[in-house]
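Please keep the model open in the viewer and make each selection in turn. The stops below say what to select and what is found there.

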Amino acid sequence: QVQVLESGGGSVQAGGSLRLSCAVSGYNYSAYCMAWFRQVTGKEREAVAVISTRAGSTYYADSVKGRFTISHDNAERTLYLQMRSLNPEATAMYYCAAQIVWCSPALVARRPEFFTSWGQGTQVTVSS
């Protein structure tokens with residue numbers, strides 16, 4: 001079974017940057033559909049960015065376009081989310097998710113149930 005483990009969260013002031021990492025283990029297949037979701041208490045989980053690692057295609061939420069970058073190191077089996085120009089609205093628990101199939105990132109972004117492997121989450125707090 002695929003396991004994912006996030007790291008890299010923390011506290012930062014508005015305008016700052018953070019990079020989240022997600023290590024993938026438990027499966028030897030190189031094609032994944034992977035994503036970063038975030039959730040604020042009391043609100044629905046929303047997709048921040050999705051990547052199809054074999055095709056390299058991506059999806060970004062409108063609120064993060066131009067500031068966040070999702071990437072994948074296939075050799076290291078690690079997913080990244082580089083976050084720049086952070087604002088307080090980015091404060092949330094960030095989750096890494098994976099599914100061992102090809103995907104269309106824009107389609108699965110609205111279907112968190114598509115992903116079968118989830119991490120425990122890493123907190124990101126942005127202060128003004």
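Begin with the largest nonpolar core of this predicted model, a set of 41 residues. Select Met 34, Trp 36, Val 50, Leu 81, Met 83, Tyr 94 and Phe 115, which have the most contacts inside the core. Then colour the strands that supply at least two residues each: strand 3, strand 4, strand 5 (46–52), strand 6 (58–60), strand 7 (68–73), strand 8 (78–83), strand 9 and strand 11 (122–127).

Next, centre the view on Leu 81 and display its surroundings. Beyond residues up to four places away in sequence, Leu 81 touches Leu 18, Arg 19, Leu 20, Trp 36, Val 48, Ala 49, Phe 68, Thr 69, Ile 70 and Tyr 94. Two of these contacts, Trp 36 and Tyr 94, are also listed with Leu 81 among the core residues with the most contacts.

**The four-stranded sheet**

Now switch to a ribbon view and select strands 1, 3, 8 and 7. They form an open sheet in the order 1-3-8-7, with antiparallel pairing. Strand 1 (3–7) and strand 7 are the edge strands; each has a single partner strand, so one side of each lacks a neighbour in the sheet. From one strand to the next, the twist averages 15 degrees. As background for this view, strands of a sheet pair through backbone hydrogen bonds, either parallel or antiparallel.

Keep strand 8 selected and add strand 3. The two pair in the antiparallel sense over six bridges. To check the register, label Ala 23, which stands opposite Thr 78 of strand 8, and Cys 22, which stands opposite Leu 79 of strand 8.

Replace strand 3 with strand 7. Here too the pairing with strand 8 is antiparallel and runs over six bridges, and Thr 69 stands opposite Gln 82 of strand 8. Is strand 8 enclosed or open to its surroundings? Five of its six residues are buried, so strand 8 is largely enclosed by the rest of the structure.

Move along to the turn. Strand 7 and strand 8 form a hairpin with four residues between them. Select Arg 77, located in the loop between these two strands; this turn residue has a positive phi of about 50 degrees. The relative accessible area of Arg 77 is 22%, so the residue is partly exposed. For a distance reading, pick the C-alpha atoms of Arg 77 and Gly 56: they are 14 Å apart in space, while the residues are 21 apart in sequence.

**The two disulfides**

Select the bonded cysteines next; there are two disulfides. A disulfide is a covalent bond between the sulfur atoms of two cysteines.

Start with Cys 22 and Cys 96, whose sulfur atoms are 2.0 Å apart. This link is left-handed, with -75 degrees about the S-S bond. The pair links distant parts of the chain, 74 residues apart: Cys 22 belongs to strand 3 (residues 18–25) and Cys 96 to strand 9 (residues 92–99). Cys 22 is buried at 0% relative accessible area, and Cys 96 is buried at 0% as well.

Continue to Cys 33 and Cys 103, a disulfide with an S to S distance of 2.0 Å. Its dihedral about the S-S bond is 75 degrees, which makes the link right-handed. Cys 33 is in strand 4 (residues 33–39), and Cys 103 is in the loop between strand 9 and helix 1 (105–108), so this bond ties together parts 70 residues apart in sequence. Cys 33 is buried at 0% relative accessibility, and Cys 103 is buried at 2%.

With both links on display, number the bonded cysteines in sequence order: the pairing is 1-3, 2-4.

**Arg 38**

For the last stop, select Arg 38 in strand 4. Is Arg 38 buried or exposed? Its relative accessible area is 8%, so Arg 38 is buried. Show the polar contacts of the side chain: one, of 2.7 Å, reaches the side chain of Glu 46, and another, of 3.3 Å, reaches the side chain of Ser 63. Then expand the selection to contacting residues more than four places away in sequence, among them Glu 44, Val 48, Phe 68, Glu 89, Ala 92 and Tyr 94.

Note on methods. Residues are numbered from 1 along each chain as its sequence is written. This is a predicted model: local features need pLDDT of at least 70, side-chain atom pairs count only at pLDDT 80 or more; totals for chains, interfaces and linings use all residues. Side-chain values use heavy atoms; hydrogens and water are left out. A disulfide is a pair of cysteine sulfur atoms within 2.5 Å. Buried means under 20% relative accessible area, exposed over 50%, partly exposed in between (1.4 Å probe, protein chains only). A polar contact is a pair of N or O atoms within 3.5 Å; within protein, one must be able to donate a hydrogen and the other to accept it, and residues adjacent in sequence count only if both atoms are side-chain atoms. Contact means heavy atoms within 4.5 Å. A nonpolar core is a set of buried Ala, Val, Leu, Ile, Met, Phe, Trp, Tyr and Cys residues joined through side-chain atoms within 4.5 Å. Two strands pair if DSSP finds at least two bridges between them. Axes are lines fitted to C-alpha atoms, for helices over the stretch in contact, and angles run from 0 to 180 degrees between N-to-C directions.
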